[in-house]
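Hi,

Here is the structure I promised to pass on to you. Have a look at it first, and then read on for what turned up in it.

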Amino acid sequence: KQWYQRRVRATMAMLEFLVSKVAMLLTLGMFSTGIHTVQKIRRKGTGDTPILPFCAFATSAFIWMNYGIMSSDGTIFFTNLVGTLLNSSYVLMYYWYAPNKVVVYRTVGVFLMLLLGVHMYSTYMYEHPEEIQDFLGSIGVMITVGTFASPLAQMKVVIETKCSESMSFPLSVMVLAQCIMWWWYGYLIGDFFVQFPNVCGTGLAVIQLAVIMKYWNNKPKTVSSVMDTV
């Protein structure tokens with residue numbers, strides 16, 4: 001019986017290790033997609049590319065990095081340390097090529113004030129590390145769910161035009177895989193704050209893929225044709 005229990009524990013430990021590494025690699029792959037956007041900015045300028053996603057991802061990664069420190073989870077810490085550094089570098093590159101730096105100042109300032117507020121609240125309102133960890137997890141969940149829900153506006157456009165050309169199928173599959181792996185990892189370590197946002201992300205990614213596949217080969221409707229159907 002003891003031999004069997006040791007085998008089960010060893011198997012679960014190996015499974016946790018493998019799932020954590022796959023989740024980490026998928027997330028690092030998602031973070032690195034910003035490199036393509038930055039290269040485009042270097043060639044053609046910022047154009048209509050918004051800085052908001054870079055700031056949101058950097059803020060989210062920074063909060064989850066600190067959550068990883070508080071929970072002593074090396075996978076969460078390292079993944080989001082890289083995410084913080086990458087997205088912060090994207091923000092700096094955006095600032096360098098942005099013609100209107102006032103907008104950059106304001107956007108970055110809002111997120112820095114958010115981080116400062118989180119830091120001050122968690123420092124002065126909580127005494128125990130477990131309470132700070134739960135607070136950081138709650139903030140991380142809200143930001144992550146908001147990030148996952150951001151494509152809903154684009155899905156509305158896809159449904160109205162009945163064309164999914166503006167949404168990336170490979171990227172949506174990657175998001176789905178990433179959410180599933182982090183959901184699984186959160187289940188294995190018994191962490192609600194890791195599980196919940198990725199359950200939501202999995203559901204939203206499935207909906208997004210369903211919309212893309214429904215309008216896969218359709219040509220986009222013109223604005224007038226969309227208005228005629230209203």
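Leu176 is in contact with Thr202, Ala205, Val206 and Leu209, leaving aside its neighbours within four places in sequence. Please keep in mind that this is a predicted model. Leu176 sits in helix α8, and with a relative accessible area of 17% it counts as buried, because the cut-off for buried is under 20%. Val158 is 18 residues from Leu176 in sequence, and the C-alpha atoms of the two are 19 Å apart in space.

On to the pockets, which may interest you most. The largest pocket has a volume of about 1600 Å³. Its lining counts 48 residues, and those closest to its centre are Met30, Phe57, Thr147, Ser150 and Leu171. Many helices take part: α1 (2-32), α2 (34-44), α3 (52-70), α4 (74-97), α6 (129-149), α7 (152-161), α8 (169-189) and α9 (192-214) each give at least two residues to this lining. By class, the lining has 24 nonpolar and 22 polar residues, plus two charged ones.

The second largest pocket has a volume of about 270 Å³. It is lined by 15 residues, and Ala58, Ser88, Val91, Val108 and Leu112 are the ones nearest its centre. Helices α3, α4 and α5 (101-125) each supply at least two residues here, with α5 giving the most, six residues. Twelve of the lining residues are nonpolar and three are polar, while no charged residue is found in this lining.

Now for the packing. The largest nonpolar core has 21 residues, and the ones with the most contacts inside it are Ile63, Tyr67, Ile76, Leu136, Ile139 and Trp182. At least two residues of this core come from each of α1, α3, α5, α6, α8 and α9, and the largest share, six residues, is from α6. Trp182 is worth opening in your viewer: not counting residues up to four places away in sequence, Trp182 touches Ala23, Met24, Thr27, Thr75, Ile76, Thr79, Val194 and Asn198. There is also a second, separate core of twelve residues, which includes Ile41, Ile51, Cys55 and Val91. Val91 thus turns up twice in this email, as it is also among the residues nearest the centre of the second largest pocket.

Happy to talk it through whenever suits you.

Best wishes

Notes: Residues numbered from 1 in each chain as written. Predicted model: local features only at pLDDT ≥ 70, side-chain atom pairs only at ≥ 80, totals over all residues. Heavy atoms only, no water. 1 Å grid on protein atoms, 1.4 Å probe; cavity = no way out; pocket = protein on both sides within 12 Å on 5 of 7 lines; lining within 4 Å. Points joined across faces, edges and corners; volume = space filled by probe spheres on them. Helix = DSSP H or I, 4+ residues; strand = E, 2+ residues; numbered from the N terminus. Nonpolar A, V, L, I, M, F, W, Y, C, P; charged D, E, K, R; others polar. Core = buried A, V, L, I, M, F, W, Y, C linked by side-chain atoms within 4.5 Å. Buried < 20%, exposed > 50% of the residue type's maximum accessible area, 1.4 Å probe, protein only. Contact = heavy atoms within 4.5 Å.
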